[in-house]
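Thank you all for coming; I would like to walk through one part of this structure slowly, so please keep it in view while I talk.

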Amino acid sequence: MAILPPEQRLWWNVPIQRSELIWIVIAFLWGLVMFFTMILWHVWGEQNLSNEAYRIDPDTFAARTEAMVEKYKVREEGTTGIPVVRPPPGSDVYMLARLWQWYPSLELQKDQSYRLHLSSLDWQHGFSLQPANINLQVHPGYEMVITVRPNATGEFSVVCNEFCGIGHHTMVGKIHVVDKN
Ligand code: CUA
């Protein structure tokens with residue numbers, strides 16, 4: 001039983017067993033393999049993005065998002081009342097997460113670059129772009145900035161993949177990618 005001391009009191013002086021040493025070496029090497037895989041996956045996997053992160057006050061982020069929506073809104077997303085925003089290529093684009101929606105929907109042009117800013121107004125949310133399977137954590141108080149250049153047209157879903165309460169499963173945003181015109 002664990003509450004009794006080992007029979008041999010100076011057990012830490014016993015030389016390490018060969019099999020245990022082998023497992024320590026294997027575990028250490030595997031740790032190194034996984035560490036370098038992170039770097040390789042960034043280069044070849046194209047899923048660990050080169051993001052920038054800055055501190056930002058949620059109110060400031062909301063105000064910037066609202067200013068963009070007012071300027072570039074083109075329509076609403078079906079009957080949801082969520083605006084669809086078509087910002088000019090090269091511009092700063094904002095998408096905010098809150099309980100339980102992504103706001104607003106975006107309409108981007110294929111093969112054009114945008115600076116996409118992501119932040120949360122309340123809890124932690126997850127930005128999971130489907131079906132491209134690009135994933136980022138979105139926190140209140142910080143903005144993630146990524147340079148995006150859509151390489152395919154179509155309708156993409158932004159699924160929240162961090163559990164954020166009762167409405168988590170309904171938290172789906174939209175990014176439309178259209179041909180350049
Ligand atoms: Cu937001 Cu889950």
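Strand E2 is joined to strand E3, residues 83–85, by three bridges, and the two run antiparallel; strands here are DSSP runs of type E with at least two residues, numbered from the N terminus, and two of them pair if DSSP finds at least two bridges between them. Before going on, I should say that this is a predicted model, in which local features need pLDDT of at least 70 and side-chain atom pairs count only at pLDDT 80 or more, while totals for chains, interfaces and linings use all residues. Residues are numbered from 1 along each chain as its sequence is written, and side-chain values use heavy atoms, with hydrogens and water left out.

Within this pair, Arg75 stands opposite Val84 in E3. The two strands form a hairpin with six residues between them, and Gly78, in the turn, has a positive phi of about 55 degrees.

Where does E2 belong in the wider sheet? The sheet is open, with seven strands in the order E2-E3-E6-E12-E11-E8-E9 and mixed pairing. Strand E2 (73–76) and strand E9 (134–138) each have a single partner strand, so they stand at the edges, and one side of each has no neighbour in the sheet.

Turning to E12, residues 172–178, we find Lys174 in this strand. The side chains of Lys174 and Ser157 are joined by a polar contact of 3.2 Å, meaning a pair of N or O atoms within 3.5 Å, where within protein one must be able to donate a hydrogen and the other to accept it, and residues adjacent in sequence count only if both atoms are side-chain atoms.

Conventions:
Helices (H or I, at least four residues) and strands (E, at least two) are DSSP runs, numbered from the N terminus.
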